[in-house]
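Please explain how charged side chains and a strand arrangement connect parts of the chain in the model below.

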Amino acid sequence: MKNIKTKLVIIFFRLFPSVVLGYFIGMHFRADWCGSRLRQRSWNEIEEHLQSVKLKPQIYQRTRLSQTKGLIYIGILSMEKHRNTRIPAITDTWGRKHKKYHKIEFFTGNNGTANNPRLGEVIPLDDDIKLIQLPGTADISYPPQKKSFAMLKFIYDNHLNDFEWFVRADDDSYIKVDKLVKLLSRVNSSKPYYIGRPKQGKPIDSMNPLDIYCVGGSGMLFSRKLLNLIGPHLESCLSEMYSGHEDVEIARCIRRHTGIACSDSNESMDMFYQNYGGKSRKNIYGRNIRNISRKNRTNAISFHANKDPKYQYKLHIGVLQDQIRTLLKTITKSRAAASFINRLL
């Protein structure tokens with residue numbers, strides 16, 4: 001009996017460490033497996049969240065570029081008196097880059113002169129850029145509601161099938177086309193998207209505070225699908241104005257006929273820079289971007305406003321300096337990597 005107890009004790013002390021060790025090893029692999037399942041589930045949730053964010057819908061369905069379609073058409077509202085000032089400030093700076101991906105045309109009124117309502121009067125400018133005098137519109141009226149709707153109608157009639165994305169901008173805006181190309185080439189233009197700097201509606205404009213519209217000055221982006229949906233209704237929307245703000249009325253037209261509001265995200269606020277501030281002017285933007293942080297200049301895609309052309313050139317110099325700094329950092333990292341590899345060989 002004593003020998004049996006002795007053997008049982010020996011067996012117990014031999015097996016117990018193995019059982020304990022096996023238990024912890026099993027728990028370790030189970031934890032790894034559960035962790036991987038949890039990480040997978042979390043990523044699926046993140047992916048679903050990205051799909052639901054208005055600014056980044058269908059982020060993995062890239063725009064299918066073809067040789068027959070351009071990526072971006074940029075229509076810029078201007079005036080005849082700015083032909084030799086603000087317009088050259090754009091064509092000399094940001095408007096000259098990346099022409100493979102975008103087309104720019106400027107729009108003015110023609111003070112009611114009758115001509116072909118579909119084509120307008122086209123005036124060639126330098127470097128294959130055109131100025132289009134929209135028929136039946138006053139050039140100096142403000143706010144430029146009729147001019148803005150007439151520009152969108154012209155784009156709808158003449159360029160809908162030529163480009164994937166359409167931008168409405170002012171002649172005192174600055175756009176980083178390379179960054180805009182990177183953004184829009186990641187979003188599916190066959191979906192109806194309306195992107196810009198979001199702002200809440202106001203009862204004074206006959207809008208519900210929950211209705212979000214895109215601020216016009218810093219640029220409004222329309223997918224080809226959205227422009228196709230609202231194009232047939234632009235004339236009727238123009239005849240049913242409730243406020244004096246053309247960006248509010250464009251948003252109202254879009255919501256009325258598509259149910260879609262401007263993209264509402266913190267990211268949009270950073271991407272579309274509006275020059276607010278100054279002495280007790282929190283909700284009023286300044287005439288020119290005199291000072292801007294490098295962070296804001298780096299994060300933004302568009303900037304508003306630079307009404308004096310010299311500030312367009314100043315901002316352009318800052319953007320080029322940022323690009324040079326980025327290139328120098330890349331060169332430094334590449335040299336360090338090459339040096340490390342050489343030491344290994």
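**Salt bridges and a small set of strands**

Arg297 has a relative accessibility of 11% and therefore counts as buried, the cut-off for that class being under 20%. This is a predicted model. The partner of Arg297 is Asp322, and their side chains form a salt bridge with an N to O distance of 2.7 Å. Asp322 is likewise buried, with a relative accessible area of 11%. Because Arg297 belongs to helix α9 (residues 294–299) and Asp322 to helix α10 (residues 309–344), the pair ties together parts that are 25 residues apart in sequence. In another part of the chain, salt bridges with shared partners link Arg168, Asp170 and Glu246 into one network.

The whole structure holds 16 salt bridges. One of them joins Arg86 to Asp171, with the closest N and O atoms 2.9 Å apart. Arg86 sits in helix α2 (residues 86–91), while Asp171 sits in the loop between β5 (163–170) and β6 (173–175), so this contact ties together parts that are 85 residues apart in sequence. Are the two residues buried or exposed? Arg86 is buried at 11% relative accessibility, and Asp171 is buried at 5%.

Arg96 and Asp92 form a further salt bridge, at 3.4 Å from N to O. Here Arg96 is partly exposed, its relative accessible area being 42%. Asp92 is also classed as partly exposed, at 39% relative accessibility. Both values fall between the limits of 20% and 50%, which means that neither residue counts as buried or as exposed.

The strand β6, which follows the loop that holds Asp171, leads to the sheet. What is the order of the strands in this open sheet? The order is β6-β12-β11, so there are 3 strands, and their pairing is mixed. At the edges are β6 and β11 (272–274), each of which pairs on one side only. From one strand to the next, the twist averages 15°.

The pairing of β11 with β12 (residues 302–304) is parallel and consists of 3 bridges. Within this pairing, Tyr273 has Phe303 in β12 as its bridge partner.

Helix α10, which contains Asp322, also takes part in this arrangement. The helix lies across β6 and β12 and runs at about 20° to β6. Thus α10 carries one side of the salt bridge to Arg297 in α9, and α10 also lies across two strands of the sheet, β6 and β12.

Notes:
Residues are numbered from 1 along each chain as its sequence is written. This is a predicted model: local features need pLDDT of at least 70, side-chain atom pairs count only at pLDDT 80 or more; totals for chains, interfaces and linings use all residues. Side-chain values use heavy atoms; hydrogens and water are left out. A salt bridge is a side-chain nitrogen of Lys or Arg within 4 Å of a carboxyl oxygen of Asp or Glu. Helices (H or I, at least four residues) and strands (E, at least two) are DSSP runs, numbered from the N terminus. Buried means under 20% relative accessible area, exposed over 50%, partly exposed in between (1.4 Å probe, protein chains only). Two strands pair if DSSP finds at least two bridges between them. Axes are lines fitted to C-alpha atoms, for helices over the stretch in contact, and angles run from 0 to 180 degrees between N-to-C directions. Contact means heavy atoms within 4.5 Å.
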